[in-house]
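Me: Please take a close look at one part of this structure and explain how that part sits in the rest. I am in my first year, so plain wording would help.

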Amino acid sequence: RRLAADLRTALVRGELTLHYQPRVRLRDGETTGAEALLRWHHARRGSVPPAAFIPVAEGSDLIVALGGWVLRQVATAAAARPWLGRVSVNVSARQILSRALPGQVEAALAESGLPAERLELELTETLALQEGPEVAAMLARLRDRGIAIALDDFGSGYASIGRLRRLPFTTLKLDHSLIAYLPGQAADLAVLRAVRDLGHALGLRLVAEGVERPEQRDLLAGLGFDEAQGYLFGGPVPVDALVPDALPGL
Ligand code: G
Ligand code: G
Ligand code: MN
Ligand code: NA
């Protein structure tokens with residue numbers, strides 16, 4: 001059987017789950033939210049990583065159905081757990097270009113009762129290549145509803161400074177490749193200072209990903225980055241592992 005066929009069945013059979021990775025505020029270490037990350041355990045294939053199956057789902061409208069399912073799951077889980085803060089959901093370019101996204105978001109919020117302010121959508125830089133004014137308008141409507149809109153993996157791919165102006169982002173997530181070599185050299189710090197100044201000049205919340213060591217946390221806090229995510233604070237875990245006692249700062 002092909003992976004795409006197995007993935008269709010996986011949704012129906014309940015083989016997909018979501019893990020949640022905490023995000024903390026650097027100023028005081030409080031948990032501000034968590035990113036939802038898909039996990040697939042297949043009976044014969046075993047655990048299939050998202051890097052293997054998300055691109056397959058993105059090859060057809062399967063990603064649209066999968067994305068709608070993820071939004072409903074996350075909204076329902078978060079509505080019952082106020083201590084999770086704002087939950088972030090990764091959204092694929094195809095979900096956005098299909099125009100299904102606003103309806104899926106509204107359905108998830110309405111069914112769960114989750115306030116719009118507790119939802120964030122993460123878009124990757126790859127969207128940028130195909131986006132037009134309709135996409136900007138759609139995202140602006142979601143943002144005006146109170147939903148946070150993050151540009152994910154910033155610094156990992158194509159230069160996207162122009163895109164930061166064109167799309168209505170509220171949040172910038174720095175790719176872990178920009179953090180990995182910290183504390184690093186003067187040039188690495190110069191890059192981070194420039195990104196910080198750019199982000200704050202555009203009114204964006206700045207989030208560093210892939211923070212693994214206390215020195216990295218301290219350096220980012222000193223530079224004035226707002227939030228961080230990474231193994232230092234906790235990896236992705238099942239939602240019931242994120243009880244208040246287990247969350248940084250709570
Ligand atoms: O958890 P892990 O680092 O293996 O995730 C790899 C990538 O898979 C993430 O960077 C993320 O962009 C993508 N991913 C994980 N969950 C989802 C999801 O629910 N929807 C989409 N579109 N992508 C996801
Ligand atoms: O959506 P995005 O591509 O940003 O997904 C984040 C991915 O990064 C997840 O698959 C998660 O497992 C991974 N990740 C989370 N924390 C860390 C970390 O501290 N270091 C590294 N290298 N990867 C991380
Ligand atoms: Mn992400
Ligand atoms: Na990322």
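**Helix 9 and its surroundings**

Reply: The buried residues of helix 9 pack against strand 8 (205-208) and strand 9 (227-229). This is a predicted model, and what follows should be read with that in mind.

Helix 9 covers residues 214-223, and its buried residues are Gln216, Arg217, Leu219 and Leu220. Viewed down the helix axis, these buried residues fall within an arc of 165 degrees, so they line one face of helix 9. The face turned away from that buried side carries exposed residues, namely Pro214, Glu215, Asp218 and Gly222. After the helix comes Gly224, which has a positive phi, near 90 degrees.

To place the helix, here is the chain as a whole. The protein chain contains 9 helices and 10 strands. Its radius of gyration is 18 Å, close to the 18 Å that the globule rule gives for 250 residues, so the chain is as compact as a globular protein of that length. Along the principal axes, the C-alpha trace spans about 50 × 45 × 35 Å. Of the 250 residues, 39% are buried. Among contacts with a separation of 6 or more, 67% are between residues 24 or more positions apart.

Next come the paired strands. Strand 2 (31-42) runs parallel to strand 4, and 4 bridges join the two. One of the residue pairs here is Ala34 with its bridge partner Val87 in strand 4. Strand 4 also pairs with strand 5 (residues 119-124), in the parallel sense and over 5 bridges. On that side, Val87 stands opposite Leu119 in strand 5. Val87 therefore has a partner in strand 2 and another in strand 5. In strand 4, 5 of the 6 residues are buried, so this strand is largely enclosed by the rest of the structure.

The pairing goes on from strand 5. Strand 5 and strand 6 are parallel and share 5 bridges, with Leu121 standing opposite Ile149 in strand 6. Strand 6 (residues 148-154) has 7 of its 7 residues buried, so strand 6 too is largely enclosed by the rest of the structure. Strand 6 then pairs with strand 7 (residues 171-174), again in the parallel sense, over 3 bridges. Here Leu151 stands opposite Leu172 in strand 7.

Two residues in other helices show how burial is judged. Ala108 lies in helix 5 (residues 101-112). Ala108 counts as buried because it has 23 C-beta neighbours inside 10 Å, and the cut-off for buried is 20 or more. Leaving aside neighbours within four places in sequence, Ala108 is in contact with Leu71, Arg72 and Ala75. Between the C-alpha atoms of Ala108 and Gly132, which are 24 residues apart along the chain, the separation is 25 Å.

Arg94 belongs to helix 4 (residues 93-97). With 19 C-beta neighbours inside 10 Å, Arg94 counts as partly exposed. Apart from neighbours within four places in sequence, Arg94 is in contact with Glu58, Ile63 and Val64. The C-alpha atoms of Arg94 and Pro49 are separated by 20 Å, and these residues are 45 positions apart along the chain.

The model also has two ligands to consider. Around ligand 1 are Leu37, Leu38, Pro49, Pro50, Ala51, Ile54, Val70, Asn90, Val91, Ser92 and Pro236. Strand 2 (31-42), helix 2 (50-57) and strand 4 (86-91) are the elements that give two or more residues to this shell. Helix 2 gives the most, with 3 residues. Sorted by class, the shell around ligand 1 has 9 nonpolar residues, 2 polar ones and no charged ones. Strand 2 and strand 4, which help to form this shell, are also the two parallel strands joined by 4 bridges.

Ligand 2 is surrounded by 14 residues, and the closest are His176, Gly210, Glu212, Gly230 and Tyr231. The shell around ligand 2 divides into 4 nonpolar, 6 polar and 4 charged residues.

To return to the part asked about: helix 9 has one face lined by its buried residues, and those residues pack against strand 8 and strand 9. The face turned away from the buried side carries exposed residues, including Glu215 and Asp218.

Key: Residues numbered from 1 in each chain as written. Chains lettered and ligands numbered in written order. Predicted model: local features only at pLDDT ≥ 70, side-chain atom pairs only at ≥ 80, totals over all residues. Rg over C-alpha atoms; globule rule 2.2 N^0.38 Å. Buried ≥ 20, exposed ≤ 12 C-beta atoms within 10 Å, placed from the backbone. Contact = placed C-beta atoms within 7 Å. Near = placed C-beta within 6 Å. Nonpolar A, V, L, I, M, F, W, Y, C, P; charged D, E, K, R; others polar. Arc of directions from axis to C-beta. Pairing = 2+ DSSP bridges.
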